[in-house]
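Let's take a relaxed look at a few cysteines and threonines. Have the sequence and the 3D view handy while you read.

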Amino acid sequence: QVQLVESGGGSVQAGGSLRLSCAASGNTYSSNCMGWFRQAPGKEREGVAAIYLTGGHTYYADLVKGQFAISQDNAKNTVYLQMNSLKHGDTAMYYCAAGRVFSVNGWTALSEYEYNYWGQGTQVTVSS
């Protein structure tokens, strides 16, 4: 089992920045990828960024390329999501996920079906 705890969400004005954190504990060696997903009211959950823990290769949804950055701190078993130039459309519940993705690429790393451990979510609200 892997436990994930997100933090760092909050309210920010458009153009501002936030950094989300996801601390992992438990059997973290069972996972080779960690990702950030978001779900806005009335919309499906979508993958925004992921990182292949072995090697650190990163994957981003087209919508957030150049705006969000995912990183990892292996010593702390923590993954971060730096979000800059936030827009009202970035308002959502953000979830951290971990899993063992069989074949890691830009599609699988951002697919929620590849992940079996999820955090409780942290709310990000961007006011325009």
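Here is a short tour of some residues in this predicted model.

## The disulfide

The structure holds one disulfide. Its partners are cysteine 22 and cysteine 96, with 2.0 Å from S to S. Cysteine 22 sits in strand 3 and cysteine 96 in strand 9 (residues 92-99), so the pair ties together parts that are 74 residues apart in sequence.

Want a bit more detail? The link between cysteine 22 and cysteine 96 is left-handed, with -80 degrees about the S-S bond. Both cysteine 22 and cysteine 96 are buried.

## A cysteine without a bond

Why does cysteine 33 not bond to cysteine 96? The closest cysteine sulfur to that of cysteine 33 is the one in cysteine 96, and it is 12 Å away, so it is too far for a bond. Cysteine 33 is also buried, with a relative accessible area of 0%.

## Threonine 78

Now find threonine 78, which lies in strand 8 (residues 78-83). Threonine 78 has a relative accessible area of 10%, so it counts as buried. Its side chain reaches the backbone oxygen of lysine 76 at 2.9 Å.

Leaving aside neighbours within four places in sequence, threonine 78 is in contact with Ser21, Cys22, Ala23, Ser71, Gln72 and Asp73. Cys22 in that list is the cysteine 22 of the disulfide.

## Threonine 28

Threonine 28 is found in the loop between strand 3 (18-26) and strand 4 (33-39). Is threonine 28 buried or exposed? Its relative accessibility is 17%, so threonine 28 counts as buried. Apart from neighbours within four places in sequence, threonine 28 is in contact with Val2 and Asn77.

Conventions. Residues numbered from 1 in each chain as written. Predicted model: local features only at pLDDT ≥ 70, side-chain atom pairs only at ≥ 80, totals over all residues. Heavy atoms only, no water. Helix = DSSP H or I, 4+ residues; strand = E, 2+ residues; numbered from the N terminus. Buried < 20%, exposed > 50% of the residue type's maximum accessible area, 1.4 Å probe, protein only. Polar contact = N/O pair within 3.5 Å; in protein donor to acceptor, adjacent residues only side chain to side chain. Contact = heavy atoms within 4.5 Å. Disulfide = S-S within 2.5 Å.
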